[in-house]
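Thanks for asking me to look at this one with you. Please open the sequence and the model side by side, and we can go through a few points together.

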Amino acid sequence: MKIREVNENKKQFIALLLLADEQENMIDHYLEKGTMYVLEDGNVKAECVVTDEDNGILEIKNIAVDPQNQGQGYGKALIDFLVSKYADEYSILQVGTGDSTLTVPFYEKCGFVRSHNIPNFFTDNYDHPIYECGVQLIDMVYLQRCL
């Protein structure tokens with residue numbers, strides 16, 4: 001298993017990026033300013049994009065594992081990599097996600113705790129309703145982990 005930084009042609013991974021953020025113009029807001037990593041294990045299994053949010057906060061803007069490889073530890077491996085790589089530069093790793101039974105428990109298992117919500121984030125910023133596990137996502141839930 002190898003994790004490498006991607007500096008050029010980040011859109012080659014658009015299929016994975018769209019798994020975590022299903023509207024391409026929303027991805028465009030952070031993709032170029034963010035730092036992208038891909039996890040390879042034979043081939044690309046997962047990706048993540050992080051941004052510097054100032055005040056010692058590093059934010060995971062996008063993290064996704066290929067559907068055929070979910071549940072095999074690749075997402076956790078990416079988070080562990082970020083924690084290790086950035087512990088000396090940042091004090092907090094945070095992520096914003098939908099209030100879903102699929103994503104929130106994953107982050108909590110990785111040591112994140114709920115921080116705050118942004119009401120109506122998904123309904124205000126996306127051009128169509130977004131559903132996860134049959135539930136419409138409305139508010140953005142932020143979770144944080146101390147580094």
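The points below deal with one residue of a strand and then with some salt bridges.

1. A word before we start: what you have on screen is a predicted model. Please keep that in mind for every distance and percentage in this note.

2. Let us begin at V95, which you will find in strand β5, spanning residues 92-98. Is V95 buried or exposed? With a relative accessible area of 2%, V95 is buried, because that value falls under 20%.

3. Which residues surround V95, once its neighbours within four places in sequence are left aside? V95 is in contact with I60, Y107, F112, V141, Y142 and L143. I14 makes a useful second landmark: I14 and V95 are 81 residues apart along the chain, and their C-alpha atoms are separated by 20 Å.

4. Now for the charged side chains. How many salt bridges does the count come to? The count is eight, and I will walk you through a few of them.

5. Start with K11 and D28, whose side chains meet in a salt bridge at 2.8 Å, N to O. K11 sits in the loop between β1 (2-6) and α1 (14-20), while D28 belongs to helix α2 (residues 24-28), so this pair ties together parts that are 17 residues apart in sequence. Both partners are partly exposed: K11 has 31% relative accessibility, and D28 has a relative accessible area of 40%.

6. Stay with that pair a moment, and bring E24 into view. K11, E24 and D28 are linked in a network of salt bridges.

7. Next, look at helix α3 (residues 74-86), which holds both K76 and D80. These two lie four residues apart, about one turn of the helix. A salt bridge joins K76 to D80, with the closest N and O atoms 2.9 Å apart. K76 is partly exposed at 39% relative accessibility, and D80 is also partly exposed, at 32%.

8. One more pair to check is E108 and R114, where the side chains meet in a salt bridge of 3.9 Å, N to O. Why does a pair at 3.9 Å count? The pair counts because the rule accepts a side-chain nitrogen of Lys or Arg within 4 Å of a carboxyl oxygen of Asp or Glu. E108 is partly exposed, with a relative accessible area of 40%, and R114 is partly exposed as well, at 45%.

How values were computed. Residues are numbered from 1 along each chain as its sequence is written. This is a predicted model: local features need pLDDT of at least 70, side-chain atom pairs count only at pLDDT 80 or more; totals for chains, interfaces and linings use all residues. Side-chain values use heavy atoms; hydrogens and water are left out. Buried means under 20% relative accessible area, exposed over 50%, partly exposed in between (1.4 Å probe, protein chains only). Contact means heavy atoms within 4.5 Å.
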